[in-house]
Amino acid sequence: MGGKCSSSLSGRQRRYLRGRADATVKNFVPYYRRQLATALLRRVSGELDPHGKPALQLLPSELPGPPAAALHDGLLSQYDGDSRSWQENYFVLLGDFTLQWFESEEALRTGSEPRGSTVLSGYRLLSSPSEYAELLADLCQGLAGGSPFADPPGEFLFFLYHPFRRHFCFCADSAGSRRIWRAALGDGVRYHSTELQRRDSLEAEAFLQAVRFYRQERGRYGAGDLLLGPEPEILGNVLMEDLLPVLRAQVLPSIRGSERRRRQLWLQFLQEVYTLVLSEISGEFEGFQKEKEKLRLELEKKIRPDLDQMLTLKDQIAGKLQAVVRIPAESWCSRGVEPHLDRVTEELARPVSSGVEAVRSLFAQRVDEMIGLVQSSPVTVLRKELVTLGRTSWQPDVMHPCYEETDPYRESLRELEERFGFRGATSLVLGAQNLMQQKFDYDSGSVRERFTREWLIRIFLPFLLKRLESGCKLELPRYESLVFADFSDIVNLENVYEETVLAVLLRAVGKALAPASRRDVASGPGGGSDEEPLYEEMG
């Protein structure tokens, strides 16, 4: 993969990258097949459980408008790395959260082609030049290059950062303009980045699990922010995780010029690599997509007639594994996890609770305003206000103060990366904001508790699995003979092992969450809480 770096990839580099991308999809597909079978077995067995997973009592979030409609538009100064100057462009955020830019507003109105466009999945929205410079320095290790941009035309800066896509350095003409743009772009980043997490489907669940197991097989625990975006982008992130050290070692030293020029060429090179990798993976994965429905039907036909036998076998294997796993798992949990659970639980719960309360207050205020209009306004006005109320969650400038309640997450949980290897702060923030965007009824306490439990598991389970790898996981081949050949593509030994470890962690997490649960019960409906169900208020 070595050789001279220029503005375009060489034929040899392209062949190498295509081969790596093709191999990534081919190697990943068996993991996906296994996790689809596991998820389907869980789903089918859950149909027999009358006390199964309760609904979260959330309303699904749809796009805020027609895909081609403009959600927000206006002039922004944008830094151009080639000319090292700031240029004005007219930017438009479309209803499908695609960002386009034009030479001028007139070019947009007369139907000219945009100068460029980008989807927002995987981007981070930044407002601090120092934060952007820090991320850039980490991506361009060994390259100084000074300030990443020339003197800006104003003070109202903000940035869109993606490690492998074009960076955007913006300058707005006022604090108000920057606030509205950041709010609108933040909605777009969150919508596209959490596409799979919001998709309540067996296939999405299986895919995300498969990525985790695929990486764990290579000794990498905790997928974190790699799981942002649609399926091809996630696989692209996983491949780039492998490629980046190779590219740094073999390509970066060959780049010539000043430090600033080297940095610019390095970023352009990474963008070209990612574009090619993503295109190749998308094509390969598209072929597999067509097989998924057929595969699911085949699995259902196999699972449903023999469900009882499969579950019995799974329980027998779990019993055998528990005898080996439980004691070391409990030991690691008591020493490495439990001392930190109370504090991390509090750090997780506080911002999302504050954000949910801010959303409730916002909707209560809107309802009060509508009640005041009842006596003085015609029906047509009230109907318009009702529509506006229903779209409040897609009014970014209105919701942005609620979303800002998640800002403390990055700082308060910073030490988790060093201690537990947790690298999912962006996913955590976006997940909390997704939760806030929904409309809640009186059961919001249980939703927040489930959110906290889910993230405690995401933080601590990879830590436990990694610590148990040498002593427990490497013993799994001894138990492969327990899985009947007929069920070997359904009952997955590694899933049973992980569920055994998870059971130990869940007991510890349950103890940590118990005090908060009791507080929610005491302050819930009929328990003296000042909260009233919003749906009742709207009625």
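I count two strands as paired if DSSP finds at least two bridges between them. Helices (H or I, at least four residues) and strands (E, at least two) are DSSP runs, numbered from the N terminus.

**Entry: the model**

I am working from a predicted model, in which local features need pLDDT of at least 70 and side-chain atom pairs count only at pLDDT 80 or more, while totals for chains, interfaces and linings use all residues. Residues are numbered from 1 along each chain as its sequence is written, and side-chain values use heavy atoms, with hydrogens and water left out.

**Entry: the whole chain**

I looked up the inventory and found 17 helices and 7 strands. Of the 539 residues in the chain, 48% are buried (under 20% relative accessible area; exposed is over 50%, partly exposed in between; 1.4 Å probe, protein chains only). I then took the contacts (heavy atoms within 4.5 Å) between residues at least 6 apart in sequence, and 75% of them join residues at least 24 apart.

**Entry: the sheet**

I traced the strand order as β4-β3-β2-β1-β7-β6-β5, an open sheet of 7 strands with antiparallel pairing. β4 and β5 (124-126) each have a single partner strand, so each stands at an edge with one side lacking a neighbour in the sheet. Ignoring direction, I get an average turn of 30° between neighbouring strands of this sheet; axes are lines fitted to C-alpha atoms, for helices over the stretch in contact, and angles run from 0 to 180 degrees between N-to-C directions.

**Entry: β1 and β2**

I looked at strand β1 (residues 70-80) beside β2 and found an antiparallel pair with 10 bridges. Asp 80 has Ser 85 of β2 as its bridge partner. The loop between β1 and β2 holds Arg 84. I noted its phi, since Arg 84 is not a glycine and yet has a positive value of about 55°. Most residues other than glycine have a negative phi.

**Entry: β3 and its two neighbours**

I moved on to strand β2 (residues 85-94) and β3, which run antiparallel and are joined by 4 bridges. Phe 91 is bridged to Trp 101 in β3. The hairpin of β2 and β3 has 4 residues between the strands. Phe 97 lies in that loop and, although not a glycine, has a positive phi of about 65°. I checked its exposure too: a relative accessible area of 2% makes Phe 97 buried.

On the other pairing, β3 and strand β4 (residues 116-118) are antiparallel over 3 bridges. Gln 100 stands opposite Ser 117 in β4. I sorted the side chains of strand β3 (residues 99-102) by direction: Leu 99 and Trp 101 point one way, Gln 100 and Phe 102 the other, and all are buried.

**Entry: β7 and its two neighbours**

I checked burial in strand β7 (residues 168-172): 5 of its 5 residues are buried, so the rest of the structure largely encloses it. Phe 168, Phe 170 and Ala 172 are on one side of β7 and Cys 169 and Cys 171 on the other.

I found β7 antiparallel to β1 over 2 bridges, with Cys 171 in β7 as the bridge partner of Ser 77. Strand β6 (residues 156-161) is joined to β7 by 5 bridges, again antiparallel. Phe 156 stands opposite Ala 172 in β7. The hairpin formed by β6 and β7 has 6 residues between them.

**Entry: helix α6**

I compared the length of helix α6 (residues 202-216) with expectation: at 1.5 Å a residue its 15 residues should span 21 Å, and the end C-alpha atoms are 21 Å apart, which agrees. The expected span is 1.5 Å times one less than the number of residues. I counted 13 of the 15 residues of α6 as buried.

**Entry: α11 against α14**

I found that the axes of helix α11 (residues 396-403) and helix α14 (residues 425-437) come within 10 Å and cross at roughly 125°. The contact is made by Met 399, Cys 402 and Tyr 403 of α11 and by Gln 433, Met 436 and Gln 437 of α14. I therefore class α11 and α14 as oblique to each other (under 35 degrees is roughly parallel, over 145 roughly antiparallel, 65 to 115 roughly perpendicular, the rest oblique).

**Entry: His 340**

I located His 340 in helix α9 (residues 307-373). Its relative accessibility is 16%, so His 340 counts as buried. Setting aside neighbours within four places in sequence, I list Arg 419, Phe 420 and Phe 460 as the contacts of His 340.
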